[in-house]
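Walk through this structure from its enclosed spaces to its ligand. Keep the 3D view open as you read.

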Amino acid sequence: MNKSAKIWMNGELIDWIDAKIHILSHVVHYGSSTFEGIRCYDTLKGSAVLFLDEHIKRLRDSSKIYRIEIPYSEKELKEAIIATIQANNFKVCYIRPLVYRGQGALGVNPHRASIEVAIATWEWGTYLGEDVLETGVDVRVSSWTRPAPNTLPSWAKAGGNYLNSQLIKMEALMDDYAEGLALDVNGYVSEGSGENIFVIRDGIIYTPMSGQSILPGFTRHAVMHIAKQQGYEVRETLIPREALYVADEVFLTGTAAEITPVRSIDKYPIGNEKRGPITEALQNEYLKIVQTGEDPYNWLTFL
Ligand code: PMP
């Protein structure tokens with residue numbers, strides 16, 4: 001990972017090397033953090049953050065679910081994010097705001113620990129490998145399922161949830177797949193370790209419902225919007241595992257993964273084992289917005 005110069009911590013921009021926490025912070029022991037992953041793009045009209053307001057709202061929502069009161073307003077967080085990008089002289093970067101429970105008491109009860117906020121930025125290219133936006137990735141269905149509803153809330157982007165994601169990701173990588181797809185507790189398709197999933201068959205675009213242990217992603221939302229604009233039917237519905245194997249096209253979405261085509265699942269070829277035409281059309285529109293800065297849907301915040 002490339003270091004950047006400054007990290008914002010509790011209201012101050014400090015040197016990367018000084019952005020440290022104590023070993024007895026609650027978060028280290030119990031995963032008590034909420035966070036976001038945001039991208040800043042270098043568009044033809046200047047640097048712009050994608051879905052900034054939405055990410056801050058989700059950070060608030062995730063924190064609310066865990067009864068964490070963020071000691072900064074949405075406006076202050078927004079300004080802090082922009083200040084951090086500028087302090088590092090980034091035109092293009094990944095942004096990680098993090099809210100975590102710090103020191104106080106080390107029992108499970110989180111309420112006696114402090115609440116701390118940090119914002120880091122760094123350079124990050126394609127998430128699932130080079131060239132994959134065109135060639136697609138090979139994935140497997142994970143032997144791990146997503147947490148059942150009413151266990152770990154999947155709408156909260158919380159540190160502890162990513163233990164499940166780590167199991168899915170490690171298993172996939174150890175078997176030489178780029179990513180793992182998890183099913184929900186009922187055996188229906190849920191999502192990847194850090195991406196939502198779309199399945200296309202006979203021209204109709206399907207994606208799991210928001211109650212199926214998924215993080216309702218902004219890239220997912222953007223794709224659904226673009227697809228409807230382009231005249232496609234989009235259905236949020238239950239997707240049985242076998243629907244993956246007979247799909248015409250499958251792709252993953254996420255801030256990091258953007259729109260990544262899937263060329264095989266469990267070694268079943270998907271379509272022509274390369275990016276399909278609908279995936280390409282959606283990708284072109286998405287990438288056009290973040291590359292040119294033409295922003296018909298008001299998704300960008302220019303620095
Ligand atoms: N699901 C999970 C588990 C994720 O970590 C992410 C990445 N934030 C997503 C879906 C995609 O969400 P977004 O498009 O908002 O990045």
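A cavity is a set of grid points where a 1.4 Å probe fits but cannot get out, and its lining residues have an atom within 4 Å of a point. Keep in mind that the model is predicted.

Start with the largest cavity. Its lining consists of Asp-248, Glu-249, Val-250, Pro-261, Val-262, Ile-270, Gly-271, Lys-274, Arg-275, Gly-276 and Thr-279. Strands E14 and E15 (258–265) are the elements that give two or more residues to this lining. By class, the lining holds four nonpolar, three polar and four charged residues. The space inside is about 40 Å³.

Under this rule, there are two cavities of 30 Å³ or more. The second largest has a volume of about 30 Å³. Arg-39, Leu-50, Phe-51, His-55, Thr-219, Thr-255 and Tyr-286 form its lining. Three of these residues are nonpolar, three polar and one charged.

Now turn to the ligand. Where does the ligand sit? It occupies the largest pocket. Helix H6 (218–229) and strand E14 (249–254) each give two or more residues to the surrounding shell. That shell has 16 residues, and the closest are Tyr-162, Glu-191, Phe-218, Thr-219 and Thr-255. It divides into three nonpolar, eight polar and five charged residues.

Look at individual atoms next. Glu-191 places a polar side-chain atom 2.7 Å from a ligand nitrogen. Thr-219 has a polar side-chain atom 2.6 Å from a ligand oxygen. For Thr-255, a side-chain N or O atom is 2.6 Å from an oxygen atom of the ligand. Taken alone, the ligand exposes 390 Å², and the protein buries 94% of that.

Two residues link the views: Thr-219 and Thr-255 line the second largest cavity and are among the residues closest to the ligand.

Terms used
Residues are numbered from 1 along each chain as its sequence is written. This is a predicted model: local features need pLDDT of at least 70, side-chain atom pairs count only at pLDDT 80 or more; totals for chains, interfaces and linings use all residues. Side-chain values use heavy atoms; hydrogens and water are left out. A residue is near a molecule or strand if one of its heavy atoms lies within 4 Å of it. A polar contact is a pair of N or O atoms within 3.5 Å; within protein, one must be able to donate a hydrogen and the other to accept it, and residues adjacent in sequence count only if both atoms are side-chain atoms. Accessible areas come from the Shrake-Rupley method with a 1.4 Å probe; for residues, only the protein chains shown count as cover. On a 1 Å grid over the protein atoms alone, a cavity is a set of points where a 1.4 Å probe fits but cannot get out, and a pocket is an open set with protein on both sides within 12 Å along at least five of seven lines; lining residues have an atom within 4 Å of a point. A molecule sits in a cavity or pocket if more than half of its atoms lie within 2 Å of its grid points. Helices (H or I, at least four residues) and strands (E, at least two) are DSSP runs, numbered from the N terminus. Ala, Val, Leu, Ile, Met, Phe, Trp, Tyr, Cys and Pro count as nonpolar, Asp, Glu, Lys and Arg as charged, and the others, Gly among them, as polar. Grid points are joined across faces, edges and corners, and a volume is the space filled by probe spheres set on the points.
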